[in-house]
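Visitor: I've never looked at this one before. Could you walk me through it?

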Amino acid sequence: MRDDLVADDLWERVAPLLPPAPERRRRHPGRLRVPDRAALAGIMYVLRTGVAWRDVPAETVGCSGVTAWRRLHDWTEVGVWPRLHAALLAELRRADSLDLDDCSVDGSPVRALKGGITSAPRPSPRARPGSKHHLIVDRHGTPLAVTLTGGNRHDITQLLPLLDVIPPIRGRRGRPRRKPRRLYAHRGYDFDKYRRLLWKRGIKPLIARRGVANGSGLGKVRWVVERPFAWLHQFKRLRIRYERRADLHQGLLEPACSLICLRRLRTS
């Protein structure tokens with residue numbers, strides 16, 4: 001197994017979250033189960049290189065692509081990835097490397113080659129099927145939550161769902177944090193209805209107004225959320241949506257966010 005695919009610090013955080021392996025049958029036990037670390041290496045290989053599952057080099061990675069896909073399915077179903085992300089966010093907050101006072105939100109379209117429930121033609125002349133990644137980040141660009149929708153869904157439709165899926169972030173004494181104090185967004189989120197809903201949640205909306213010249217005002221802080229999209233799409237499997245099932249694509253988005261958090265934790 002390639003050690004660079006699953007570093008020790010990543011494995012130490014993932015291993016306690018994995019479900020226990022099923023007991024082997026006494027009679028006709030079959031082949032030995034592939035170790036979880038090798039299966040995780042297969043998932044990381046696909047996430048980083050973007051190859052098809054059937055093309056995973058089992059001799060190099062230590063796990064076949066089919067086995068890696070099955071573990072991704074099983075671990076996604078039991079909620080391993082959200083718990084890993086929440087644990088890393090808590091570590092960042094404990095290290096004083098997470099700033100939840102100022103957050104930013106945005107969406108980014110991606111092509112969806114195989115369609116799927118959350119895929120729909122994008123509003124373009126060619127009308128290719130596509131999806132959208134919606135992301136909310138802290139002041140430093142650390143991803144707090146990510147969701148997946150069809151390509152024809154407006155960004156504003158995911159504003160409240162993104163806030164709802166931010167995990168309770170521990171790491172300090174007192175109540176865990178679940179919401180920012182101020183939320184930045186571009187003019188696509190310029191709806192008074194949603195401003196009122198944010199105020200009701202105790203969040204100050206800092207949303208650019210339509211008609212304001214580009215490059216002025218709140219437009220200067222958009223790079224905070226655009227940079228994490230570039231980090232996400234460095235994982236080649238996320239540049240184009242190949243998974244027909246939305247839960248499996250979400251199951252790749254969330255560990256990618258965790259890896260971004262882990263990188264920041266290593267440098268904090």
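Visitor: How many bridges join strand β5 to strand β6?

Guide: A word first: this is a predicted model, where local features need pLDDT of at least 70, side-chain atom pairs count only at pLDDT 80 or more, and totals for chains, interfaces and linings use all residues. Residues are numbered from 1 along each chain as its sequence is written, and side-chain values use heavy atoms, with hydrogens and water left out. Now, β5 covers residues 182–185 and β6 residues 204–207, and the two run parallel; strands pair if DSSP finds at least two bridges between them. Here the number of bridges is four.

Visitor: Which residue of β6 stands opposite A185?

Guide: Strands here are DSSP runs (E, at least two residues), helices are H or I runs of at least four, and both are numbered from the N terminus. A185 lies opposite a residue in β6, and that partner is I207.

Visitor: What handedness does the β-α-β unit of β5, α7 and β6 have?

Guide: Picture the strands pointing away from you: a crossover is right-handed if the path from the first strand over the helix to the second runs clockwise. The helix in this unit is α7, residues 192–200, and the unit is right-handed.

Visitor: Let's move to α4. What span does it reach from its first C-alpha to its last?

Guide: This helix takes in residues 65–77, 13 in number. The expected span is 1.5 Å times one less than the number of residues. For α4 the expectation is 18 Å, and the helix comes close to it, reaching 18 Å.

Visitor: Is H73 of α4 buried or exposed?

Guide: Buried means under 20% relative accessible area, exposed over 50%, and partly exposed in between (1.4 Å probe, protein chains only). H73 has a relative accessible area of 18%, so the word for it is buried.

Visitor: Which residues is H73 in contact with, leaving aside neighbours within four places in sequence?

Guide: Contact means heavy atoms within 4.5 Å. By that rule, H73 touches R245 and L248.

Visitor: How do α4 and α10 pack, roughly parallel or roughly perpendicular?

Guide: Axes are lines fitted to C-alpha atoms, for helices over the stretch in contact, with angles from 0 to 180 degrees between N-to-C directions. Under 35 degrees counts as roughly parallel, over 145 as roughly antiparallel, 65 to 115 as roughly perpendicular and the rest as oblique. The α4 and α10 axes are 10 Å apart, at an angle of about 90°. That makes the pair roughly perpendicular.

Visitor: What share of the chain is buried?

Guide: The chain has 10 helices and seven strands. Out of its 268 residues, the buried share is 49%.
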